[in-house]
Amino acid sequence: MAETNNDKHKIVIVGGGASGLELATKLGRKLGKKGQAEVILLDATSTHIWKPLLHEVAAGTLDESEQVEYLAQGYRNHFRFRLGKMEGLNRAKKEIYVSPTLSDSGEELIPRRTFGYDTLVMAVGSVSNSFNIKGVAENCLFLDTTSQAFRFQKQLVETYIKTFSGQDGAHGKPLSIVIIGAGATGVELAAQLHEVTNLLAVYGLRESSNVRLTIIEAAPQLLPALPNKLAEATKQQLIKLGVDLKLGCRVTEVTKEHIKTHDGEIIPADLKVWAAGIKGPDWLKQLDGLETNHLNQLVVDETLQTGDPSIFAMGDCAACVWPGRGNIPPRAQAAHQQADVLYKTIRNRLSGKPPVKFFYYDYGSLVSLGKYTTVGNLMGNLMGSVSVGGFIARVVYLSLYKMHQVAIHGYFRTAMLTLSNLFRRTVHATIKLH
C-alpha cells in the first residue's frame with residue numbers, strides 16, 4: 001500500500017529521536033503550515049523521550065510528562081506521524097518500505113506500506129554494540145530505546161521485591177546489578193540506581209546496603225570523553241557511593257547468572273546492563289547500495305548528504321568527518337546542530353539553492369551523577385576548555401534538555417511544562433514503583 005496523494009514536495013524523516021523530531025517540527029511549522037511541502041515523520045514507537053534521559057527512565061525517576069506523543073506533536077506542528085519500522089529502500093523509485101505493525105499478540109494492526117519521497121532524512125539513531133561477545137544479546141538488558149528502558153525499570157523493581165521479600169532476602173543475599181561500560185550512560189545509570197535503591201529502602205523494602213552495584217570497563221579509565229582530572233573526580237565520587245569499579249577488565253562471556261572476564265574472574269549478577277558501545281542498526285547495511293562504515297553508520301559528506309543527492313543522514317546513524325579528529329561523536333549537541341543545518345538545507349532544496357555545510361561546534365561534555373554531583377568541561381572561543389562541577393555544571397546539563405524542549409515545544413510551553421513538573425513532584429512518588 002503506497003501513501004501518495006498530492007504533488008507537494010515530500011519530505012520523509014525516518015526516526016523520531018532528538019534530531020528527527022526537532023527537524024520534523026521545524027519543517028512542519030515553516031513548510032507544512034504554509035502547504036509548501038508534505039512532512040512525514042516515521043518511527044517504530046508512538047512516543048518520544050530524549051535519549052540522554054533513558055537512564056532515568058530505567059531507574060524509574062523520570063516524570064511521565066516528559067514523554068512527547070508524536071501524533072499530538074504532529075497535529076500541533078503541521079507534520080504527519082506514521083507508526084512503523086523501515087525495512088527497505090528503492091532509490092530509483094524514491095520509495096521506502098515499512099514493515100507491518102503487529103500487536104503484542106501478533107495480530108497485524110497496520111499492513112506493509114510504501115512511502116514515496118523527494119527528500120529522505122535518515123535519523124534512526126544507534127543500538128548497542130555487543131562486539132559479538134557470547135551471551136550478551138541473550139542475557140543483558142539494553143537502554144537503546146524507551147521500551148527497553150521501561151522493561152529494565154519493571155525488572156528492577158520486580159527483582160528487588162523478589163530478592164528482599166523472598167528466601168534470598170531472608171538469607172541476606174545482596175541484589176547484584178552489573179553495568180558493562182563506563183561511558184556516560186553507564187556512569188549516570190549507576191549513580192541513578194544508587195539513589196533509587198536508597199529510595200526503595202525508604203519506601204519500606206530492605207536496606208540499600210544489600211544492593212551491590214558494579215561497573216566493568218575494558219579501558220583503564222572511565223568516561224573517555226572527559227579530561228583525566230574530571231574522570232578521576234567522577235571515579236572518586238562513585239567509590240564514595242559504594243560502586244565497585246573494575247577498570248581494565250574485559251568481558252568475555254555473559255551467562256544467565258554470571259559475567260566472565262578475560263582474567264578468569266566470575267562475577268555474579270542478578271541484573272546485567274550492556275552500555276559498552278554503539279553502532280548503527282544492522283539493516284542500514286542493506287539500504288540499496290548506500291555506503292556504511294564498520295559501525296553500520298551511513299557515510300555522509302560535509303552537507304550530511306549520503307551518496308544519493310536526495311538522501312541525508314544525521315545523529316548517531318551518520319558517520320560525518322570531524323576534520324583532524326575522526327568522526328563527530330554521538331552526542332545530543334551534535335544531533336541538535338545537524339537538525340538545524342538540515343532544516344536550512346531542505347528549505348534551500350525547495351528553492352533551488354545549494355545545501356548548507358555542517359560545522360560541528362564542541363561545547364564540551366557533561367555527566368550527571370543524579371542528586372550527588374555533575375561534572376564536565378565547557379568549551380568556547382574565549383575561554384578555551386574549562387572544568388566545571390557541582391551547581392554550575394548541573395544548571396548547564398539541564399539547559400541542554402531545555403534547549404531540546406524549546407526546539408519542539410517553544411519557549412512558552414517549555415516554561416509551563418517545567419512549572420507543572422515542579423508541582424507534580426510534591427504529590428507524586430519520586431520513583432515509579434510499577
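These are my notebook entries on a predicted model of a protein chain.

**Entry 1: the whole chain**
I started with the overall make-up. The protein chain has 11 helices and 27 strands. I then looked up burial and found that 51% of the 434 residues are buried. Next I checked contacts with a separation of 6 or more, and 65% of them join residues 24 or more positions apart. For the outside, I noted that the chain exposes about 20,500 Å², with carbon and sulfur atoms supplying 54% of that area.

**Entry 2: the largest nonpolar core**
Which residues touch the most other members of the largest nonpolar core? I found I13, L23, L27, L89, I96, L120 and M122, in a core of 52 residues. I also looked up where the core residues come from. Among the elements that each supply at least two are the strands β2 (9-14), β3 (37-43) and β12 (119-122), along with the helix α1 (18-32). The helix α9 (332-350) is on that list too, and α9 gives the largest share, six residues.

**Entry 3: a closer look at M122**
I picked M122 and left out residues up to four places away in sequence. M122 still touches V14 and M86, and also a run of later residues including W283, L298, F312 and C317.

**Entry 4: a second core**
I then came across another core, separate from the one above, with 42 residues. I177, L213, L241 and Y401 are among its members.

**Entry 5: a patch on the surface**
Which residues form a nonpolar patch on the surface? I wrote down F359, Y361 and Y363, which together have about 400 Å² of accessible area. I placed Y361 in the loop between α9 and β25 (364-368).

Key:
Residues are numbered from 1 along each chain as its sequence is written. This is a predicted model: local features need pLDDT of at least 70, side-chain atom pairs count only at pLDDT 80 or more; totals for chains, interfaces and linings use all residues. Side-chain values use heavy atoms; hydrogens and water are left out. A nonpolar core is a set of buried Ala, Val, Leu, Ile, Met, Phe, Trp, Tyr and Cys residues joined through side-chain atoms within 4.5 Å. Buried means under 20% relative accessible area, exposed over 50%, partly exposed in between (1.4 Å probe, protein chains only). Helices (H or I, at least four residues) and strands (E, at least two) are DSSP runs, numbered from the N terminus. Contact means heavy atoms within 4.5 Å. Patches are made of residues with over 30% relative accessible area and no salt bridge: like charges are joined within 9 Å, nonpolar side chains (Val, Leu, Ile, Met, Phe, Trp, Tyr) within 5 Å. Accessible areas come from the Shrake-Rupley method with a 1.4 Å probe; for residues, only the protein chains shown count as cover. A salt bridge is a side-chain nitrogen of Lys or Arg within 4 Å of a carboxyl oxygen of Asp or Glu.
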